[in-house]
Amino acid sequence: MLLTEPQAGSDVGSLTTTATRNPDGAFNITGSKIFITAGDQNLTENIIHPVLARIEGAPAGTKGISIFIVPKVWVNPDGTPGDTSDVVCTGIEEKMGIHGSATCSLTLGGRGKCRGLLLGEENKGMKVMFHLMNEARLGVGLQAFSMSSAAYMAALNYARERIQGKSLLAMMNPASPSVPIIQHPDVRRMLTWMKAHIDGMRSFIYYIGYCFDRVAVSKTDADRDMFQGLIEIMTPVVKSYCSDRAFEVCTQAVQVFGGYGYTREYPVEQLLRDCKITSIYEGANGIQAMYLLGRKLGMKKGACFMGLLAEMQKTIATAKTIDALSDLATKTEAGVNRLAEVAMSLGMNAMSPQVMSAFAFAQPFLDVVGDVIMAWMHLWRTVAAAPRLEKLAGSLTPDARKSAAQTNRQAAYYEGVLKTAEFYIRAVFPIAMGKMNAITDFSTAAVDMPDMALGG
Ligand SMILES: Cc1cc2nc3c(=O)[nH]c(=O)nc-3n(C[C@H](O)[C@H](O)[C@H](O)COP(=O)(O)OP(=O)(O)OC[C@H]3O[C@@H](n4cnc5c(N)ncnc54)[C@H](O)[C@@H]3O)c2cc1C
(Lines give C-alpha, C1' and ligand atoms only; values in the text may rest on other atoms or scores of the structure.)
Protein backbone atom coordinates (compact mmCIF):
# COMPACT_ATOMS: atom_id res chain seq x y z
CA MET A 1 0.00 0.00 0.00
CA LEU A 2 1.28 3.45 -0.91
CA LEU A 3 0.96 5.78 2.07
CA THR A 4 4.37 7.15 2.92
CA GLU A 5 5.84 10.32 1.41
CA PRO A 6 8.98 12.15 2.53
CA GLN A 7 7.00 14.64 4.65
CA ALA A 8 4.22 12.20 5.52
CA GLY A 9 5.43 9.24 7.59
CA SER A 10 3.63 8.77 10.90
CA ASP A 11 1.57 11.82 9.97
CA VAL A 12 -0.26 10.27 7.02
CA GLY A 13 -2.66 13.21 7.01
CA SER A 14 0.02 15.49 5.58
CA LEU A 15 0.36 13.57 2.32
CA THR A 16 0.29 15.64 -0.88
CA THR A 17 -0.35 13.07 -3.63
CA THR A 18 -3.36 14.39 -5.53
CA ALA A 19 -6.18 12.87 -7.53
CA THR A 20 -8.13 14.71 -10.22
CA ARG A 21 -11.40 13.31 -11.51
CA ASN A 22 -11.50 12.36 -15.21
CA PRO A 23 -14.68 12.53 -17.33
CA ASP A 24 -14.88 8.69 -17.34
CA GLY A 25 -15.11 8.59 -13.52
CA ALA A 26 -11.53 7.39 -13.02
CA PHE A 27 -8.89 9.66 -11.46
CA ASN A 28 -5.58 11.07 -12.58
CA ILE A 29 -3.00 10.64 -9.81
CA THR A 30 0.17 12.64 -9.26
CA GLY A 31 2.71 12.36 -6.46
CA SER A 32 5.76 10.63 -5.01
CA LYS A 33 5.85 7.80 -2.49
CA ILE A 34 8.80 6.33 -0.63
CA PHE A 35 9.63 3.13 1.27
CA ILE A 36 7.05 1.03 -0.59
CA THR A 37 7.32 -2.68 0.19
CA ALA A 38 7.12 -4.71 -3.04
CA GLY A 39 6.54 -1.36 -4.79
CA ASP A 40 8.17 -2.78 -7.90
CA GLN A 41 9.42 -6.28 -8.62
CA ASN A 42 9.23 -8.87 -11.39
CA LEU A 43 8.23 -11.88 -9.33
CA THR A 44 4.57 -11.46 -10.24
CA GLU A 45 2.86 -10.57 -13.53
CA ASN A 46 1.15 -7.56 -12.09
CA ILE A 47 1.13 -5.38 -8.96
CA ILE A 48 -2.03 -3.78 -7.61
CA HIS A 49 -1.14 -0.59 -5.77
CA PRO A 50 -3.63 0.75 -3.23
CA VAL A 51 -2.68 4.47 -3.23
CA LEU A 52 -3.63 7.07 -0.63
CA ALA A 53 -4.21 10.49 -2.22
CA ARG A 54 -6.27 13.62 -1.74
CA ILE A 55 -8.94 14.52 -4.28
CA GLU A 56 -8.52 18.15 -5.36
CA GLY A 57 -10.45 20.42 -2.98
CA ALA A 58 -10.78 17.73 -0.26
CA PRO A 59 -10.31 18.78 3.40
CA ALA A 60 -6.81 18.89 4.91
CA GLY A 61 -5.60 16.08 7.19
CA THR A 62 -6.85 12.51 7.34
CA LYS A 63 -10.47 13.59 6.74
CA GLY A 64 -9.62 14.40 3.12
CA ILE A 65 -7.81 11.20 2.21
CA SER A 66 -9.20 8.77 -0.34
CA ILE A 67 -7.82 5.45 -1.54
CA PHE A 68 -7.35 4.40 -5.16
CA ILE A 69 -6.50 1.23 -6.99
CA VAL A 70 -3.67 1.62 -9.47
CA PRO A 71 -2.55 -1.58 -11.21
CA LYS A 72 0.98 -1.70 -12.58
CA VAL A 73 -0.53 -3.18 -15.75
CA TRP A 74 -4.14 -2.60 -16.75
CA VAL A 75 -5.93 -5.76 -17.78
CA ASN A 76 -7.86 -5.86 -21.10
CA PRO A 77 -11.46 -7.12 -21.11
CA ASP A 78 -10.22 -10.41 -22.63
CA GLY A 79 -7.80 -10.87 -19.70
CA THR A 80 -4.62 -10.05 -21.63
CA PRO A 81 -2.17 -7.46 -20.20
CA GLY A 82 -2.91 -3.95 -21.47
CA ASP A 83 -1.37 -0.52 -20.88
CA THR A 84 1.31 -0.04 -18.24
CA SER A 85 0.53 2.55 -15.58
CA ASP A 86 2.60 5.69 -15.24
CA VAL A 87 4.18 4.45 -11.98
CA VAL A 88 7.97 4.57 -12.05
CA CYS A 89 10.48 3.19 -9.55
CA THR A 90 12.75 6.16 -8.89
CA GLY A 91 15.04 4.64 -6.27
CA ILE A 92 15.76 1.67 -4.08
CA GLU A 93 16.27 2.36 -0.38
CA GLU A 94 19.53 0.87 0.93
CA LYS A 95 18.18 -0.88 3.99
CA MET A 96 19.76 -2.27 7.16
CA GLY A 97 17.97 -5.61 6.70
CA ILE A 98 15.11 -7.43 4.95
CA HIS A 99 17.13 -7.47 1.74
CA GLY A 100 14.77 -10.09 0.35
CA SER A 101 11.97 -7.51 0.36
CA ALA A 102 11.85 -5.06 -2.55
CA THR A 103 11.40 -1.61 -0.98
CA CYS A 104 11.44 1.38 -3.31
CA SER A 105 10.39 4.96 -4.06
CA LEU A 106 7.74 5.45 -6.71
CA THR A 107 6.69 8.45 -8.77
CA LEU A 108 3.08 8.40 -9.91
CA GLY A 109 1.92 10.41 -12.90
CA GLY A 110 5.32 11.82 -13.88
CA ARG A 111 4.06 11.73 -17.49
CA GLY A 112 0.54 12.76 -16.48
CA LYS A 113 -0.80 9.29 -17.22
CA CYS A 114 -1.35 7.57 -13.85
CA ARG A 115 -4.96 6.39 -13.81
CA GLY A 116 -6.61 5.19 -10.60
CA LEU A 117 -10.01 3.91 -9.56
CA LEU A 118 -11.59 5.11 -6.32
CA LEU A 119 -11.87 2.31 -3.75
CA GLY A 120 -14.86 2.91 -1.48
CA GLU A 121 -16.09 6.44 -0.89
CA GLU A 122 -14.40 9.78 -1.39
CA ASN A 123 -12.52 11.01 1.72
CA LYS A 124 -13.04 7.68 3.46
CA GLY A 125 -9.67 6.22 2.54
CA MET A 126 -8.42 5.94 6.13
CA LYS A 127 -11.22 3.54 7.01
CA VAL A 128 -10.27 1.23 4.12
CA MET A 129 -6.61 1.65 4.95
CA PHE A 130 -7.14 0.58 8.58
CA HIS A 131 -8.96 -2.54 7.41
CA LEU A 132 -5.73 -3.70 5.78
CA MET A 133 -3.46 -2.06 8.34
CA ASN A 134 -4.94 -3.78 11.39
CA GLU A 135 -4.38 -7.15 9.80
CA ALA A 136 -0.89 -6.09 8.73
CA ARG A 137 -0.09 -5.03 12.31
CA LEU A 138 -0.90 -8.50 13.57
CA GLY A 139 1.20 -9.87 10.72
CA VAL A 140 4.13 -7.70 11.81
CA GLY A 141 3.85 -9.00 15.39
CA LEU A 142 3.90 -12.53 13.99
CA GLN A 143 6.82 -11.69 11.70
CA ALA A 144 8.83 -10.34 14.63
CA PHE A 145 7.98 -13.33 16.80
CA SER A 146 8.95 -15.75 14.01
CA MET A 147 12.36 -14.15 13.58
CA SER A 148 13.01 -14.24 17.31
CA SER A 149 11.92 -17.87 17.48
CA ALA A 150 14.39 -18.73 14.68
CA ALA A 151 17.11 -16.79 16.54
CA TYR A 152 16.37 -18.71 19.74
CA MET A 153 16.55 -22.09 18.03
CA ALA A 154 19.88 -21.15 16.42
CA ALA A 155 21.26 -19.96 19.78
CA LEU A 156 20.01 -23.06 21.58
CA ASN A 157 21.63 -25.42 19.08
CA TYR A 158 24.85 -23.43 19.19
CA ALA A 159 24.91 -23.46 23.00
CA ARG A 160 24.65 -27.26 22.92
CA GLU A 161 27.62 -27.55 20.54
CA ARG A 162 30.02 -24.78 21.50
CA ILE A 163 32.61 -26.08 23.98
CA GLN A 164 34.07 -23.30 26.06
CA GLY A 165 35.14 -22.99 29.69
CA LYS A 166 34.87 -25.37 32.58
CA SER A 167 31.88 -26.03 34.74
CA LEU A 168 31.61 -23.51 37.59
CA LEU A 169 31.63 -26.50 39.96
CA ALA A 170 35.00 -27.73 38.62
CA MET A 171 36.62 -24.32 38.10
CA MET A 172 39.58 -24.97 40.40
CA ASN A 173 40.53 -28.22 38.72
CA PRO A 174 42.74 -27.52 35.66
CA ALA A 175 42.29 -31.13 34.53
CA SER A 176 38.52 -30.89 34.34
CA PRO A 177 37.13 -30.99 30.79
CA SER A 178 35.66 -27.95 29.04
CA VAL A 179 31.89 -28.08 28.69
CA PRO A 180 29.25 -26.94 26.19
CA ILE A 181 28.28 -23.35 27.04
CA ILE A 182 24.67 -24.44 27.70
CA GLN A 183 26.00 -25.67 31.07
CA HIS A 184 27.02 -22.16 32.22
CA PRO A 185 24.44 -20.45 34.46
CA ASP A 186 24.58 -17.14 32.58
CA VAL A 187 23.99 -18.86 29.23
CA ARG A 188 21.08 -20.79 30.74
CA ARG A 189 19.69 -17.48 31.99
CA MET A 190 19.84 -16.02 28.50
CA LEU A 191 18.25 -19.09 26.91
CA THR A 192 15.49 -19.27 29.51
CA TRP A 193 14.81 -15.55 29.11
CA MET A 194 14.50 -16.04 25.36
CA LYS A 195 12.28 -19.10 25.71
CA ALA A 196 10.06 -17.31 28.23
CA HIS A 197 9.45 -14.45 25.81
CA ILE A 198 9.00 -16.68 22.79
CA ASP A 199 6.54 -19.04 24.48
CA GLY A 200 4.60 -16.08 25.88
CA MET A 201 4.48 -14.29 22.54
CA ARG A 202 3.43 -17.45 20.71
CA SER A 203 0.50 -17.98 23.07
CA PHE A 204 -0.43 -14.30 22.89
CA ILE A 205 -0.53 -14.38 19.08
CA TYR A 206 -2.58 -17.60 19.12
CA TYR A 207 -4.92 -16.03 21.66
CA ILE A 208 -5.71 -13.06 19.44
CA GLY A 209 -6.32 -15.54 16.59
CA TYR A 210 -8.72 -17.36 18.89
CA CYS A 211 -10.54 -14.06 19.56
CA PHE A 212 -11.01 -13.60 15.79
CA ASP A 213 -12.51 -17.10 15.61
CA ARG A 214 -14.84 -16.31 18.51
CA VAL A 215 -16.00 -13.13 16.78
CA ALA A 216 -16.72 -15.18 13.65
CA VAL A 217 -18.75 -17.89 15.43
CA SER A 218 -20.36 -15.91 18.28
CA LYS A 219 -24.08 -16.45 18.57
CA THR A 220 -24.81 -13.35 20.65
CA ASP A 221 -23.94 -9.67 20.13
CA ALA A 222 -22.58 -9.46 23.69
CA ASP A 223 -20.16 -12.32 23.07
CA ARG A 224 -19.07 -10.91 19.71
CA ASP A 225 -18.57 -7.41 21.16
CA MET A 226 -16.54 -8.81 24.03
CA PHE A 227 -14.07 -10.62 21.76
CA GLN A 228 -13.97 -7.72 19.29
CA GLY A 229 -13.11 -5.45 22.25
CA LEU A 230 -10.21 -7.72 23.19
CA ILE A 231 -8.94 -7.59 19.59
CA GLU A 232 -9.11 -3.77 19.63
CA ILE A 233 -7.08 -3.53 22.83
CA MET A 234 -4.57 -6.22 21.93
CA THR A 235 -3.79 -5.31 18.30
CA PRO A 236 -1.35 -2.45 19.09
CA VAL A 237 0.18 -4.63 21.83
CA VAL A 238 0.78 -7.60 19.51
CA LYS A 239 2.41 -5.28 16.98
CA SER A 240 4.48 -3.25 19.38
CA TYR A 241 5.29 -5.51 22.30
CA CYS A 242 6.17 -8.50 20.13
CA SER A 243 8.39 -6.42 17.84
CA ASP A 244 10.24 -4.82 20.77
CA ARG A 245 10.72 -8.08 22.66
CA ALA A 246 11.59 -10.02 19.51
CA PHE A 247 14.41 -7.59 18.81
CA GLU A 248 15.71 -8.11 22.35
CA VAL A 249 15.51 -11.88 21.87
CA CYS A 250 17.54 -11.56 18.65
CA THR A 251 20.11 -9.44 20.55
CA GLN A 252 20.39 -12.15 23.21
CA ALA A 253 20.84 -14.74 20.46
CA VAL A 254 23.84 -12.81 19.12
CA GLN A 255 25.17 -12.69 22.69
CA VAL A 256 24.91 -16.47 23.07
CA PHE A 257 26.99 -16.89 19.90
CA GLY A 258 29.65 -14.51 21.24
CA GLY A 259 31.96 -13.09 18.53
CA TYR A 260 30.66 -15.59 15.99
CA GLY A 261 27.19 -14.08 16.37
CA TYR A 262 28.57 -10.77 15.19
CA THR A 263 29.73 -12.28 11.90
CA ARG A 264 27.82 -13.15 8.76
CA GLU A 265 28.85 -16.80 9.09
CA TYR A 266 25.88 -17.39 11.39
CA PRO A 267 22.22 -16.43 10.89
CA VAL A 268 21.60 -14.41 14.05
CA GLU A 269 23.09 -11.09 12.91
CA GLN A 270 20.73 -11.14 9.92
CA LEU A 271 17.74 -11.94 12.14
CA LEU A 272 18.68 -9.03 14.40
CA ARG A 273 18.89 -6.62 11.45
CA ASP A 274 15.75 -7.98 9.79
CA CYS A 275 13.80 -7.83 13.03
CA LYS A 276 14.43 -4.13 13.64
CA ILE A 277 12.01 -3.00 10.94
CA THR A 278 9.07 -4.56 12.77
CA SER A 279 9.12 -1.83 15.44
CA ILE A 280 9.08 0.85 12.73
CA TYR A 281 6.75 -0.02 9.87
CA GLU A 282 2.97 -0.42 9.92
CA GLY A 283 2.92 2.46 12.42
CA ALA A 284 6.02 3.04 14.55
CA ASN A 285 5.74 1.56 18.04
CA GLY A 286 5.46 4.97 19.66
CA ILE A 287 2.37 5.60 17.54
CA GLN A 288 0.90 2.22 18.54
CA ALA A 289 1.35 3.19 22.19
CA MET A 290 -0.48 6.47 21.58
CA TYR A 291 -3.37 4.52 20.03
CA LEU A 292 -3.55 2.27 23.06
CA LEU A 293 -3.58 5.11 25.57
CA GLY A 294 -5.46 7.70 23.52
CA ARG A 295 -8.09 5.60 21.75
CA LYS A 296 -8.26 2.04 22.97
CA LEU A 297 -8.02 2.37 26.75
CA GLY A 298 -11.13 4.55 27.01
CA MET A 299 -13.05 2.65 24.30
CA LYS A 300 -16.63 1.90 25.44
CA LYS A 301 -15.89 3.73 28.70
CA GLY A 302 -13.02 1.37 29.44
CA ALA A 303 -15.14 -1.78 29.03
CA CYS A 304 -12.77 -3.38 26.47
CA PHE A 305 -9.78 -2.99 28.76
CA MET A 306 -11.72 -4.19 31.78
CA GLY A 307 -12.87 -7.16 29.69
CA LEU A 308 -9.22 -8.08 29.11
CA LEU A 309 -8.46 -7.93 32.85
CA ALA A 310 -11.56 -10.02 33.57
CA GLU A 311 -10.32 -12.75 31.20
CA MET A 312 -7.02 -12.75 33.09
CA GLN A 313 -8.82 -13.12 36.41
CA LYS A 314 -10.60 -16.24 35.12
CA THR A 315 -7.27 -17.96 34.44
CA ILE A 316 -5.94 -16.85 37.84
CA ALA A 317 -8.97 -18.35 39.58
CA THR A 318 -8.42 -21.69 37.81
CA ALA A 319 -4.69 -21.68 38.57
CA LYS A 320 -5.40 -21.09 42.26
CA THR A 321 -7.22 -24.42 42.40
CA ILE A 322 -3.95 -26.25 41.58
CA ASP A 323 -1.59 -26.26 44.57
CA ALA A 324 1.59 -26.27 42.51
CA LEU A 325 0.46 -23.11 40.70
CA SER A 326 -0.99 -21.05 43.52
CA ASP A 327 2.15 -18.96 44.10
CA LEU A 328 2.41 -18.10 40.39
CA ALA A 329 -1.30 -17.29 40.34
CA THR A 330 -1.00 -14.94 43.32
CA LYS A 331 1.94 -13.10 41.77
CA THR A 332 0.12 -12.75 38.45
CA GLU A 333 -2.98 -11.50 40.25
CA ALA A 334 -0.93 -8.79 41.98
CA GLY A 335 0.30 -7.67 38.56
CA VAL A 336 -3.19 -7.62 37.03
CA ASN A 337 -4.59 -5.61 39.97
CA ARG A 338 -1.69 -3.18 39.79
CA LEU A 339 -2.23 -2.77 36.03
CA ALA A 340 -5.85 -1.77 36.67
CA GLU A 341 -4.63 0.98 39.05
CA VAL A 342 -1.95 2.13 36.61
CA ALA A 343 -4.43 2.31 33.72
CA MET A 344 -6.82 4.36 35.84
CA SER A 345 -4.10 6.75 36.99
CA LEU A 346 -2.53 7.23 33.55
CA GLY A 347 -5.94 7.50 31.88
CA MET A 348 -6.86 10.34 34.29
CA ASN A 349 -3.58 12.12 33.61
CA ALA A 350 -4.16 11.79 29.86
CA MET A 351 -7.38 13.76 30.28
CA SER A 352 -5.78 16.44 32.49
CA PRO A 353 -3.54 19.43 31.77
CA GLN A 354 -0.70 16.90 32.22
CA VAL A 355 -1.60 15.30 28.89
CA MET A 356 1.89 15.79 27.40
CA SER A 357 3.57 13.93 30.26
CA ALA A 358 0.88 11.25 30.21
CA PHE A 359 1.74 10.50 26.59
CA ALA A 360 5.42 10.35 27.48
CA PHE A 361 4.33 7.25 29.44
CA ALA A 362 2.27 5.77 26.59
CA GLN A 363 5.07 3.40 25.54
CA PRO A 364 5.93 2.28 29.11
CA PHE A 365 2.21 1.65 29.58
CA LEU A 366 1.94 -0.48 26.45
CA ASP A 367 5.05 -2.30 27.61
CA VAL A 368 3.56 -3.26 30.97
CA VAL A 369 0.25 -4.24 29.39
CA GLY A 370 2.35 -6.63 27.32
CA ASP A 371 4.27 -7.86 30.38
CA VAL A 372 1.04 -8.59 32.25
CA ILE A 373 -0.39 -10.37 29.21
CA MET A 374 2.78 -12.49 29.11
CA ALA A 375 2.41 -13.44 32.79
CA TRP A 376 -1.21 -14.35 32.08
CA MET A 377 -0.26 -16.44 29.05
CA HIS A 378 2.39 -18.28 31.06
CA LEU A 379 -0.08 -18.96 33.84
CA TRP A 380 -2.58 -20.24 31.30
CA ARG A 381 0.05 -22.53 29.82
CA THR A 382 0.73 -23.97 33.28
CA VAL A 383 -2.99 -24.57 33.85
CA ALA A 384 -3.00 -26.69 30.69
CA ALA A 385 0.34 -28.39 31.36
CA ALA A 386 0.17 -29.20 35.11
CA PRO A 387 -2.57 -31.89 35.00
CA ARG A 388 -0.88 -33.54 32.02
CA LEU A 389 2.48 -33.56 33.77
CA GLU A 390 0.87 -34.89 36.93
CA LYS A 391 -0.54 -37.81 34.94
CA LEU A 392 2.85 -38.62 33.41
CA ALA A 393 4.89 -38.10 36.60
CA GLY A 394 2.44 -39.55 39.11
CA SER A 395 2.48 -36.34 41.13
CA LEU A 396 3.62 -32.73 40.92
CA THR A 397 6.32 -32.94 43.59
CA PRO A 398 9.66 -31.50 42.40
CA ASP A 399 11.31 -34.96 42.50
CA ALA A 400 8.55 -36.66 40.51
CA ARG A 401 8.59 -33.88 37.92
CA LYS A 402 12.35 -34.00 37.60
CA SER A 403 12.64 -37.72 37.16
CA ALA A 404 9.74 -37.88 34.66
CA ALA A 405 11.33 -35.07 32.64
CA GLN A 406 14.59 -37.04 32.43
CA THR A 407 13.03 -40.08 30.82
CA ASN A 408 9.89 -38.93 29.02
CA ARG A 409 10.00 -36.36 26.24
CA GLN A 410 6.41 -35.23 26.76
CA ALA A 411 6.97 -34.83 30.48
CA ALA A 412 10.09 -32.78 29.69
CA TYR A 413 7.97 -30.53 27.49
CA TYR A 414 5.38 -29.93 30.23
CA GLU A 415 8.08 -29.45 32.84
CA GLY A 416 9.55 -26.86 30.45
CA VAL A 417 6.20 -25.07 30.39
CA LEU A 418 6.08 -24.95 34.21
CA LYS A 419 9.70 -23.92 34.66
CA THR A 420 9.46 -21.26 31.96
CA ALA A 421 6.36 -19.81 33.61
CA GLU A 422 8.12 -19.87 36.97
CA PHE A 423 11.10 -18.07 35.47
CA TYR A 424 8.93 -15.43 33.81
CA ILE A 425 6.63 -14.77 36.73
CA ARG A 426 9.25 -14.91 39.49
CA ALA A 427 12.42 -13.64 37.79
CA VAL A 428 11.18 -11.28 35.05
CA PHE A 429 7.72 -10.09 36.01
CA PRO A 430 8.81 -8.23 39.19
CA ILE A 431 10.55 -5.78 36.84
CA ALA A 432 7.13 -5.01 35.36
CA MET A 433 5.90 -4.18 38.87
CA GLY A 434 8.74 -1.67 39.12
CA LYS A 435 7.91 -0.25 35.69
CA MET A 436 4.31 0.21 36.83
CA ASN A 437 5.53 2.11 39.90
CA ALA A 438 7.48 4.39 37.57
CA ILE A 439 4.30 5.17 35.62
CA THR A 440 2.28 6.10 38.71
CA ASP A 441 5.24 8.07 40.10
CA PHE A 442 4.66 10.12 36.95
CA SER A 443 7.85 12.09 36.57
CA THR A 444 7.28 14.94 34.11
CA ALA A 445 11.04 15.34 33.51
CA ALA A 446 10.98 14.16 29.87
CA VAL A 447 8.47 16.84 28.91
CA ASP A 448 9.82 19.54 31.26
CA MET A 449 13.37 19.14 30.00
CA PRO A 450 14.35 22.29 28.08
CA ASP A 451 15.28 21.36 24.49
CA MET A 452 18.70 22.91 24.94
CA ALA A 453 19.31 20.85 28.09
CA LEU A 454 19.16 17.68 25.99
CA GLY A 455 22.63 18.72 24.83
CA GLY A 456 24.23 18.78 21.41
C1 LIG B 1 11.55 -1.33 5.00
C2 LIG B 1 10.38 -0.43 5.02
C3 LIG B 1 9.21 -0.79 4.37
C4 LIG B 1 8.12 0.07 4.36
N5 LIG B 1 6.99 -0.27 3.65
C6 LIG B 1 6.03 0.67 3.46
C7 LIG B 1 4.93 0.43 2.57
O8 LIG B 1 4.79 -0.63 1.96
N9 LIG B 1 4.02 1.41 2.40
C10 LIG B 1 4.12 2.61 3.03
O11 LIG B 1 3.28 3.45 2.80
N12 LIG B 1 5.11 2.86 3.90
C13 LIG B 1 6.08 1.93 4.12
N14 LIG B 1 7.12 2.19 4.98
C15 LIG B 1 7.16 3.45 5.70
C16 LIG B 1 6.90 3.28 7.20
O17 LIG B 1 5.56 2.93 7.43
C18 LIG B 1 7.33 4.58 7.88
O19 LIG B 1 8.75 4.62 7.83
C20 LIG B 1 6.82 4.66 9.31
O21 LIG B 1 5.42 4.81 9.33
C22 LIG B 1 7.43 5.83 10.08
O23 LIG B 1 7.42 7.00 9.34
P24 LIG B 1 8.77 7.85 9.18
O25 LIG B 1 9.83 6.92 8.71
O26 LIG B 1 8.50 9.04 8.33
O27 LIG B 1 9.15 8.29 10.63
P28 LIG B 1 8.57 9.56 11.42
O29 LIG B 1 7.10 9.65 11.23
O30 LIG B 1 9.40 10.74 11.07
O31 LIG B 1 8.84 9.12 12.91
C32 LIG B 1 10.14 9.21 13.51
C33 LIG B 1 9.98 8.94 15.02
O34 LIG B 1 9.13 9.94 15.60
C35 LIG B 1 8.02 9.34 16.23
N36 LIG B 1 6.82 10.16 15.99
C37 LIG B 1 6.40 10.70 14.82
N38 LIG B 1 5.28 11.37 15.01
C39 LIG B 1 4.95 11.27 16.30
C40 LIG B 1 3.87 11.74 17.10
N41 LIG B 1 2.87 12.47 16.59
N42 LIG B 1 3.88 11.44 18.42
C43 LIG B 1 4.85 10.68 18.95
N44 LIG B 1 5.89 10.20 18.23
C45 LIG B 1 5.93 10.50 16.93
C46 LIG B 1 7.87 7.95 15.62
O47 LIG B 1 7.27 7.04 16.52
C48 LIG B 1 9.32 7.59 15.32
O49 LIG B 1 9.92 7.05 16.47
C50 LIG B 1 8.20 1.32 5.04
C51 LIG B 1 9.37 1.66 5.72
C52 LIG B 1 10.46 0.83 5.69
C53 LIG B 1 11.72 1.27 6.39
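**Figure 1. Residues around the ligand in the predicted model.** The shell around the ligand takes at least three residues from domain 1 (12–122) and at least three from domain 2 (124–166 + 178–283). The structure shown is a predicted model. In total, 20 residues surround the ligand, and the closest are Leu 3, Gly 9, Ser 10, Ala 284 and Gly 286. Two elements give two or more residues to this shell: strand S2 (27–37) and helix H5 (285–296). By class, the shell holds 12 nonpolar, 7 polar and 1 charged residues.

**Figure 2. Division of the protein chain into domains.** The chain is divided into three parts: domain 1 (12–122), domain 2 (124–166 + 178–283) and domain 3 (298–439). Domain 2 is made of two segments, 124–166 and 178–283. Between the C-alpha centres of domain 1 and domain 3 the distance is 45 Å.

**Figure 3. The hairpin of strands S1 and S2.** Strand S1 (residues 18–21) runs antiparallel to S2, and 4 bridges join the two. One bridge pairs Ala 19 with Ile 29 of S2. The hairpin has 5 residues between its strands, and Gly 25 takes a positive phi near 95 degrees. Strand S2 also appears in Figure 1, where it gives two or more residues to the shell around the ligand.

**Figure 4. Strand S2 with strands S8 and S9.** Besides S1, two further strands pair with S2. Strand S8 (residues 103–108) is antiparallel to S2, and the pairing extends over 5 bridges. Within it, Ile 36 has Cys 104 of S8 as its bridge partner. Strand S9 (residues 115–118) is likewise antiparallel to S2, joined by 2 bridges. Here Asn 28 stands opposite Arg 115 of S9. In a regular strand, side chains alternate between the two faces of the sheet.

**Figure 5. The hairpin of strands S5 and S6.** Strand S5 (residues 73–75) and strand S6 (residues 81–84) run antiparallel and are joined by 2 bridges. Val 75 stands opposite Pro 81 of S6. Between the two strands of this hairpin lie 5 residues. In the turn, Gly 79 has a positive phi of about 90 degrees.

**Figure 6. Packing of helices H9 and H10.** Helix H9 (residues 362–393) packs on helix H10 (residues 398–407) at an angle of about 80 degrees, and their axes are 9 Å apart. Because of this angle, H9 is roughly perpendicular to H10. On the side of H9, the contact is made by Leu 389, Leu 392 and Ala 393. H10 contributes Ala 400, Arg 401 and Ala 404. The contact has 5 nonpolar residues, no polar residues and 1 charged residue.

Key:
Residues are numbered from 1 along each chain as its sequence is written. This is a predicted model: local features need pLDDT of at least 70, side-chain atom pairs count only at pLDDT 80 or more; totals for chains, interfaces and linings use all residues. Axes are lines fitted to C-alpha atoms, for helices over the stretch in contact, and angles run from 0 to 180 degrees between N-to-C directions. Angles under 35 degrees count as roughly parallel, over 145 as roughly antiparallel, 65 to 115 as roughly perpendicular and the rest as oblique. Two residues are in contact if their C-beta atoms, placed from the backbone, lie within 7 Å. Ala, Val, Leu, Ile, Met, Phe, Trp, Tyr, Cys and Pro count as nonpolar, Asp, Glu, Lys and Arg as charged, and the others, Gly among them, as polar. A residue is near a molecule or strand if its C-beta atom, placed from the backbone, lies within 6 Å of it. Domain bounds come from an automatic or database domain assignment. Two strands pair if DSSP finds at least two bridges between them.
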